[in-house]
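The exercises below go through one protein model. Each has a task and a solution in steps. Keep the sequence and the 3D view at hand.

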Amino acid sequence: MKQETICAVSTPPGKGGIAVIRISGEKAIEITDPLFLPAKQFCNIKNMQAYTCAYGQIKTEKGTTLDQVVLTLFKAPHSFTGEDCVEIACHGSLYIQQQLIQLLIRNGCRLALPGEFTQRAFFNGKMDLSQAEAVADLIASDSEASHRLAINQMR
């Protein structure tokens with residue numbers, strides 16, 4: 001079943017110096033590759049090995065630098081969602097995050113719905129229903145006991 005490529009900010013807004021933008025789907029690499037200018041010219045996303053990082057810049061359609069980033073590549077089926085995934089660690093500025101999300105949308109992504117990355121992981125057989133529910137519990141955990149319970153449920 002073909003699904004749209006989705007993107008979202010994976011970190012809470014305004015909570016740190018770094019934010020992570022996740023892109024998942026069949027076209028995650030295709031959409032992200034032309035926007036990323038690696039610091040090492042021989043490196044591009046299409047030729048990167050899975051589970052590696054690359055430092056570089058995100059460029060807008062006009063060629064201006066949006067931010068300096070670290071990009072991490074996960075290839076299907078060995079990713080959280082079971083799909084090709086790209087994670088972009090950018091500076092935590094809300095402006096940068098919003099501009100990067102809009103750039104990805106203009107280039108073919110759709111904004112992910114709440115919980116959609118976990119939903120895709122479930123549908124792609126990466127976790128069962130109790131593990132998917134545990135992800136929500138882990139995100140919401142606010143004590144050692146609730147954290148431990150959610151971690152154990154995910155196993």
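**Exercise 1. The residue after α3**

Which residue follows α3, and what is the sign of its phi?

Solution. Gly125 comes after α3, and its phi is positive, near 75 degrees. Elements such as α3 are DSSP runs numbered from the N terminus: helices are H or I with at least four residues, and strands are E with at least two.

Before going on, note the basis of the numbers. The model is predicted: local features need pLDDT of at least 70, side-chain atom pairs count only at pLDDT 80 or more, and totals for chains, interfaces and linings use all residues. Residues are numbered from 1 along each chain as its sequence is written, and side-chain values use heavy atoms, with hydrogens and water left out.

**Exercise 2. Strand order**

Task: find the order of the strands in the sheet and name those at its edges.

Solution.
- Step 1. The sheet is open and has 7 strands, in the order β3-β4-β5-β6-β2-β1-β7, with mixed pairing. Two strands pair if DSSP finds at least two bridges between them.
- Step 2. The edges are β3 (36-38) and β7 (110-111); each has a single partner strand, so one side of each is left without a neighbour in the sheet.

**Exercise 3. Pairs of strands**

Task: walk across the sheet from β3 and give the sense and the bridges of pairs along the way.

Solution.
- Step 1. β3 runs antiparallel to β4 (residues 52-59), with 3 bridges. Phe36 has Ile58 in β4 as its bridge partner.
- Step 2. Between β4 and β5 there are 8 bridges, again in the antiparallel sense, and Cys53 is opposite Thr72 in β5. These two strands form a hairpin with 5 residues between them, and Gly63 in the turn has a positive phi of about 90 degrees.
- Step 3. β5 (residues 65-74) and β6 (residues 85-91) are antiparallel over 5 bridges. Here Phe74 is opposite Cys85 in β6.
- Step 4. β1 is joined to β2 by 4 antiparallel bridges, and to β7 by 2 parallel bridges.
- Step 5. Ile6 appears in both of these pairings: its bridge partner in β2 is Ser24, and in β7 it stands opposite Arg110.

**Exercise 4. Two loops**

Task: locate the cis peptide bond and the positive phi of Tyr51.

Solution.
- Step 1. The cis bond runs from Ala76 to Pro77, with omega near 0 degrees. Pro77 is placed in the loop between β5 and β6.
- Step 2. Tyr51 is not a glycine, yet its phi is positive, about 65 degrees. Tyr51 belongs to the loop between β3 and β4 and is partly exposed at 47% relative accessibility. The classes are buried under 20% relative accessible area, exposed over 50%, and partly exposed in between (1.4 Å probe, protein chains only).

**Exercise 5. Helix α3 and its surroundings**

Which residues of α3 are buried, and what do they pack against?

Solution.
- Step 1. The buried residues are Glu116, Phe117, Thr118, Arg120 and Ala121.
- Step 2. They pack against β1, β2, β7 and α4. Contact here means heavy atoms within 4.5 Å.
- Step 3. Take Thr118 as an example: its relative accessibility is 16%, so Thr118 counts as buried. Beyond its neighbours within four places in sequence, Thr118 is in contact with Phe80, Met127, Ala132 and Val135.
- Step 4. Arg120 is also a contact of Gly25, along with Thr5, Glu83 and Asp84, leaving aside neighbours of Gly25 within four places in sequence. Gly25 sits in the loop between β2 and α1 (28-32) and is buried, at 0% relative accessible area.

**Exercise 6. The largest pocket**

Task: describe the largest pocket by its volume and lining.

Solution.
- Step 1. The largest pocket holds about 520 Å³ of space. On a 1 Å grid over the protein atoms alone, a pocket is an open set of points where a 1.4 Å probe fits, with protein on both sides within 12 Å along at least five of seven lines; lining residues have an atom within 4 Å of a point. Points are joined across faces, edges and corners, and the volume is the space filled by probe spheres set on them.
- Step 2. Of its 22 lining residues, Gly115, Phe117, Thr118, Val135 and Ile139 are the closest to the centre.
- Step 3. β1 (6-9), α3 (116-123) and α4 (129-140) are the elements giving two or more residues to the lining.
- Step 4. The lining divides into 16 nonpolar, 4 polar and 2 charged residues. Ala, Val, Leu, Ile, Met, Phe, Trp, Tyr, Cys and Pro count as nonpolar, Asp, Glu, Lys and Arg as charged, and the others, Gly among them, as polar.
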